[in-house]
Amino acid sequence: MGTDAAETPRAQAHHVADLLVEVDLVTELEALRAGDSYQASDHAAKTIAKQPGIRVVLIALKPGGHMHEHHADWAITVQGVDGNVEFNVAGRTVALTAGHLLTVAAGTPHQVTGIDESALLLTIGGAHTTS
């Protein structure tokens with residue numbers, strides 16, 4: 001799927017498997033928070049890029065929004081984008097704020113809680129198909 005020069009940058013950002021994906025995180029976060037999924041739940045997520053070997057997901061959390069303990073089969077990074085997130089991994093609780101980056105080894109259980117309205121950028125390494 002290619003981009004069309006007449007498309008807006010936000011429309012182009014929906015081509016998650018293109019050779020180059022340019023994303024305005026502020027605009028994407030506003031749209032994610034305005035969406036039905038976020039309105040109906042305590043958090044919402046959107047894949048913003050997906051290529052073989054990498055997937056990038058924007059996650060918005062409401063205050064108290066919680067992602068129960070889970071793990072990724074591949075190593076991940078988690079970057080604070082907005083607000084304050086409590087990130088629990090391997091018996092440690094880490095405050096994740098805008099500009100902070102964590103790395104987590106493959107298979108390591110972790111859980112996430114939004115302290116206030118917050119957002120993070122999750123990058124998952126490993127093998128991913130573009131479909």
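Student: Let's start with Ser118. Which residues does Ser118 touch, leaving out those up to four places away in sequence?
Tutor: Ser118 touches Arg33, Ile59, Ala60, Leu61, Asp82, Gly83, Asn84 and Val85, once residues up to four places away in sequence are left out. Keep in mind that this is a predicted model.

Student: OK. Is Ser118 buried or exposed?
Tutor: Buried. Its relative accessible area is 0%, and the cut-off for buried is under 20%, so Ser118 counts as buried.

Student: And which strand is Ser118 in?
Tutor: Strand 9, which covers residues 118–125.

Student: What does strand 9 pair with over six bridges?
Tutor: Strand 4. The two pair in the antiparallel sense. For one opposite pair, look at Gly80, which faces Leu120 in strand 9.

Student: Which strand does strand 4 join through four bridges?
Tutor: Strand 7, residues 101–104. Strand 4 itself is residues 76–82, and the two run antiparallel. Here Thr77 stands opposite Thr103.

Student: What's the strand order in the five-stranded sheet?
Tutor: The order is 1-2-9-4-7. That sheet is open, and its pairing is antiparallel.

Student: Which strands are at its edges?
Tutor: Strand 1, residues 43–51, and strand 7. Each of them pairs on one side only. From one strand to the next, the twist of this sheet averages 20 degrees.

Student: How many bridges join strand 1 to strand 2?
Tutor: Eight, and these strands run antiparallel. Strand 2 is residues 54–61. Within this pair, Ala45 stands opposite Ile59 of strand 2. You met Ile59 already, among the residues that Ser118 touches.

Student: Now a helix. Which strands does helix 2 lie across?
Tutor: Strand 1, strand 2, strand 4 and strand 9. Helix 2 spans residues 25–34 and runs at about 55 degrees to strand 2.

Student: Zoom out for me. How many helices and strands does the protein have?
Tutor: Three helices and nine strands. Along the sequence the pattern reads α-α-α-β-β-β-β-β-β-β-β-β.

Student: What's the order in the sheet of four strands?
Tutor: That one goes 3-8-5-6. It is an open sheet with antiparallel pairing. Its edge strands are strand 3 (66–70) and strand 6 (92–97), and each pairs on one side only. Neighbouring strands there are turned by 20 degrees against each other on average, direction ignored.

Student: How many bridges are there between strand 3 and strand 8?
Tutor: Three, with the strands paired in the antiparallel sense. Strand 8 is residues 110–114. In that strand, Val112 is the bridge partner of Met67.

Student: Same sheet, next residue. Where does Asn88 lie?
Tutor: In strand 5, residues 84–89.

Student: Why does Asn88 count as buried?
Tutor: Because its relative accessibility is 14%, and buried means under 20%.

Student: What does Asn88 touch, not counting residues up to four places away in sequence?
Tutor: Thr93, Pro109, His110 and Gln111. Take Pro109: Asn88 and Pro109 are 21 residues apart along the chain, and their C-alpha atoms are separated by 8.6 Å.

Student: Where is Ala90?
Tutor: Ala90 sits in the loop between strand 5 and strand 6.

Student: Is Ala90 buried or exposed?
Tutor: Exposed. Its relative accessibility is 69%, and exposed means over 50%, so Ala90 passes the cut-off.

Student: What is the phi of Ala90?
Tutor: Near 50 degrees, which is a positive value in a residue other than glycine. Most residues other than glycine have a negative phi.

Student: Switching to side chains. Which residue lies over the face of Tyr38?
Tutor: Lys62, at 5.2 Å from the ring centre.

Student: How many aromatic pairs does a search of the whole structure find?
Tutor: Zero.

Student: Last, some totals. What share of the residues count as buried?
Tutor: 36% of the 131 residues. The accessible surface comes to about 7200 Å², and 56% of that belongs to carbon and sulfur atoms.

Student: And what share of the contacts with a separation of 6 or more comes from residues 24 or more positions apart?
Tutor: 63%.

Definitions and conventions
Residues are numbered from 1 along each chain as its sequence is written. This is a predicted model: local features need pLDDT of at least 70, side-chain atom pairs count only at pLDDT 80 or more; totals for chains, interfaces and linings use all residues. Side-chain values use heavy atoms; hydrogens and water are left out. Two strands pair if DSSP finds at least two bridges between them. Axes are lines fitted to C-alpha atoms, for helices over the stretch in contact, and angles run from 0 to 180 degrees between N-to-C directions. Buried means under 20% relative accessible area, exposed over 50%, partly exposed in between (1.4 Å probe, protein chains only). Contact means heavy atoms within 4.5 Å. Accessible areas come from the Shrake-Rupley method with a 1.4 Å probe; for residues, only the protein chains shown count as cover. Rings of Phe, Tyr and Trp (its six-membered ring) pair if their centres lie within 6.5 Å; planes under 30 degrees apart count as stacked, over 60 as edge-to-face and the rest as tilted. A charge sits over a ring if NZ of Lys or CZ of Arg is within 6 Å of the ring centre and within 35 degrees of the ring normal.
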